[in-house]
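Please describe how the helices pack in this structure, and what spaces are left open or enclosed between its parts. A report in running text, with a small table of the spaces, would be suitable.

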Amino acid sequence: MLMVGELKLDRAMYRRMVLAASRSTFWFLRAVGGFVVLLAVVSSGYDGPGYAVFLAVVGVFVLGVPSLGIWLGWRRTSPLTSRPWRYEVSEATVGIHTPQTDVTVNWTGIRQVRTERDVWVLRLLNRQAVPIPRTAFTAEDAARIDELASTLPVAAPKTS
């Protein structure tokens with residue numbers, strides 16, 4: 001059974017897709033940035049204001065890197081949003097069709113499927129994350145995809 005969905009991508013959905021696909025990286029950068037800012041506050045009394053200001057600037061920069069990355073990614077992606085993106089999910093494959101490219105992935109090439117509120121995040125064998133927006137599908141198709149993702153055997157992680 002083939003389930004087909006289309007979505008005209010907007011900036012808010014793009015942001016949710018990117019955040020869901022690289023959740024651990026964003027949390028890591030937020031933790032590092034917060035730690036550096038905290039270090040700046042603590043060190044301001046010991047090493048003088050120069051070092052503390054430097055650490056504060058670095059910490060704020062690290063905290064802002066995720067938002068900057070999303071903004072730059074949207075600037076590159078927005079020209080491709082004039083037409084809807086098409087998503088196809090079947091028992092054998094998952095397909096993404098944009099104005100620029102067509103990608104089809106076999107379920108055997110997927111290591112993990114994580115279901116989020118707004119997207120399904122497919123983790124491929126090469127560790128690449130592919131977000132599929134739930135709003136592209138009807139509620140019935142989304143429920144079928146949830147069931148399909150939970151019942152299909154996904155590949156085991158590669159061991160190096």
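In which sense, left-handed or right-handed, does helix 2 pass helix 3? In this predicted model, the crossing of helix 2 past helix 3 is left-handed. The two axes, those of helix 2 (residues 23-43) and helix 3 (residues 49-77), come within 7 Å of each other and cross at roughly 165°. An angle over 145 degrees counts as roughly antiparallel, and helix 2 and helix 3 are therefore roughly antiparallel to each other.

The contact between these two helices draws on many residues from both sides. Helix 2 contributes Phe26, Leu29, Arg30, Val32, Gly33, Gly34, Val36, Val37, Leu39, Ala40 and Ser43, which meet Tyr51, Ala52, Leu55, Ala56, Val58, Gly59, Val60, Val62, Leu63, Val65, Pro66 and Ile70 of helix 3. Sorted by class, the residues of this contact comprise 18 nonpolar, four polar and one charged.

Helix 3 also meets helix 1, with another geometry. The axes of helix 1 and helix 3 come within 10 Å and cross at roughly 125°, which makes helix 1 oblique to helix 3. Here the crossing is right-handed. On the helix 1 side the contact residues are Arg11, Tyr14, Arg15, Val18 and Leu19, and on the helix 3 side they are Ser67, Ile70, Trp71, Gly73, Trp74 and Thr77. This contact divides into six nonpolar, three polar and two charged residues. Ile70 takes part in both contacts of helix 3, since it is listed among the residues that meet helix 2 and among those that meet helix 1.

The spaces in the model are set side by side below.

| Space | Volume | Nonpolar lining residues | Polar lining residues | Charged lining residues |
|---|---|---|---|---|
| Largest pocket | about 510 Å³ | 17 | five | none |
| Second largest pocket | about 190 Å³ | five | none | six |
| Largest cavity | about 60 Å³ | nine | none | none |

The largest pocket has a volume of about 510 Å³. It is lined by 22 residues, of which Trp85, Ile96, Gln128, Val130 and Pro131 are the closest to its centre. Several elements share in this lining, with helix 1 (11-21), strand 2 (85-89), strand 3 (93-97), strand 4 (102-106), strand 6 and strand 7 (129-133) each supplying at least two residues. Helix 1 gives the most, with four residues.

The second largest pocket is lined by Arg16, Leu19, Ala20, Arg23, Phe26, Trp27, Arg30, Glu116, Arg117, Asp118 and Val119. Helix 1 and helix 2 each supply at least two residues of this lining, and helix 2 gives the most, with four residues. Some of these residues return from the helix contacts described above: Phe26 and Arg30 belong to the contact of helix 2 with helix 3, while Leu19 belongs to the contact of helix 1 with helix 3. Six charged residues and five nonpolar ones make up the lining of the second largest pocket, with no polar residue among them.

Turning to enclosed space, the count comes to one cavity of 30 Å³ or more. The lining of the largest cavity consists of Val89, Val94, Trp107, Val113, Trp120, Leu122, Ile132, Ile145 and Ala149. Strand 6 (119-124) and helix 4 (139-151) each supply at least two residues of that lining, and by class its residues are nine nonpolar, no polar and no charged.

Definitions and conventions:
Residues numbered from 1 in each chain as written. Predicted model: local features only at pLDDT ≥ 70, side-chain atom pairs only at ≥ 80, totals over all residues. Heavy atoms only, no water. 1 Å grid on protein atoms, 1.4 Å probe; cavity = no way out; pocket = protein on both sides within 12 Å on 5 of 7 lines; lining within 4 Å. Points joined across faces, edges and corners; volume = space filled by probe spheres on them. Nonpolar A, V, L, I, M, F, W, Y, C, P; charged D, E, K, R; others polar. Axes fitted to C-alpha atoms, helices over the stretch in contact; angles between N-to-C directions. Parallel < 35°, antiparallel > 145°, perpendicular 65-115°, else oblique. Left-handed = near helix turned anticlockwise from the far one by under 90°. Contact = heavy atoms within 4.5 Å.
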